[in-house]
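Let's talk through what holds this fold together, one question at a time. Have a look first, then we'll get going.

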Amino acid sequence: MNAEDASPAAAITRWKFEVSRRYRHILDKSTPHVGQRWLGCLVVAMVYVLRVYMVQGFYVVSYALGIYILNLLIGFLSPQVDPEILDADHGPSLPTSGSDEFRPFVRRLPEFKFWYSITKAFCISFVMTFFSAFDVPVFWPILLFYWVVLFTLTMRRQIAHMIKYKYVPFSFGKQRYDGKRASAESTRLSED
């Protein structure tokens, strides 16, 4: 073992790397557990809301958190490749009739990154509530009203975009192509 490996800076670097590796391992193991992840996020959000309610402040932090979550939601509901841009360049890209090729919906912001970003934002906002520098006195109903108006206008535009380009960002209620129907039809045809 040389002198560089025994230095405090090298020990701290190794420790940071090990903590980072363990943290990434925990995140990787949590990936398939969607319900439990979102339940944990809900718990973190409730703790933050309770904290803001108890201290009766930090409304600007909450407003910024709401704007950030709205931005994440738009990314989650948007396709990775905007059909509006493709329309101008190459013509329509999403299927417009039943005979067009099936293409799955690919999000601009995947579900795991959406969850991770929201959870991290709530945690950061919670920590910010312990510093009085972020407790700016403001009349909170105005911020709430402005956020609701912003949310309404943004969602109206996003829903109009979904309707115009005929895409649904959720998998429930969609037709599935899992091969069961094809195998049932082939067995029925072979019996005839």
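Q: Is Arg 37 buried or exposed?
A: Quick ground rules: this is a predicted model, where local features need pLDDT of at least 70, side-chain atom pairs count only at pLDDT 80 or more, and totals for chains, interfaces and linings use all residues. Residues are numbered from 1 along each chain as its sequence is written, and side-chain values use heavy atoms, with hydrogens and water left out. Buried means under 20% relative accessible area, exposed over 50%, and partly exposed in between, using a 1.4 Å probe and protein chains only. Arg 37 has a relative accessible area of 5%, so it is buried.

Q: Which residue meets the side chain of Arg 37 in a salt bridge?
A: A salt bridge here is a side-chain nitrogen of Lys or Arg within 4 Å of a carboxyl oxygen of Asp or Glu. For Arg 37, the N to O distance is 2.8 Å, and the partner is Glu 111.

Q: How many residues apart in sequence are the parts that Glu 111 and Arg 37 tie together?
A: Helices are DSSP runs (H or I, at least four residues), as strands are (E, at least two), numbered from the N terminus. Glu 111, partly exposed at 22%, sits in helix α5, while Arg 37 sits in helix α2, so the pair links parts separated by 74 residues.

Q: Which residues are joined into one network by salt bridges that share partners?
A: Start with Glu 18 and Arg 21, whose side chains meet at 2.6 Å, N to O. Arg 22 also meets Glu 18, at 3.3 Å; those two are 4 residues apart in helix α1, so about one helical turn separates them. With shared partners, the network is Glu 18, Arg 21 and Arg 22.

Q: Is Arg 22 buried or exposed?
A: Within that network, Glu 18 is partly exposed at 26%, and Arg 21 is partly exposed too, at 46%. Arg 22 reaches 55% relative accessibility, so it counts as exposed.

Q: Which element gives the largest share of the largest nonpolar core?
A: A nonpolar core is a set of buried Ala, Val, Leu, Ile, Met, Phe, Trp, Tyr and Cys residues joined through side-chain atoms within 4.5 Å. The largest one has 26 residues, and Tyr 48, Phe 114, Ile 118 and Phe 122 touch the most other members. Two or more residues come from each of α2 (34-55), α3 (59-77), α5 (111-128) and α6 (140-165). The largest share, 8 residues, comes from α3.

Q: Which residues does Ile 118 touch, not counting those up to four places away in sequence?
A: Contact means heavy atoms within 4.5 Å. On that basis, Ile 118 touches Trp 38, Cys 41, Ile 69 and Leu 72.
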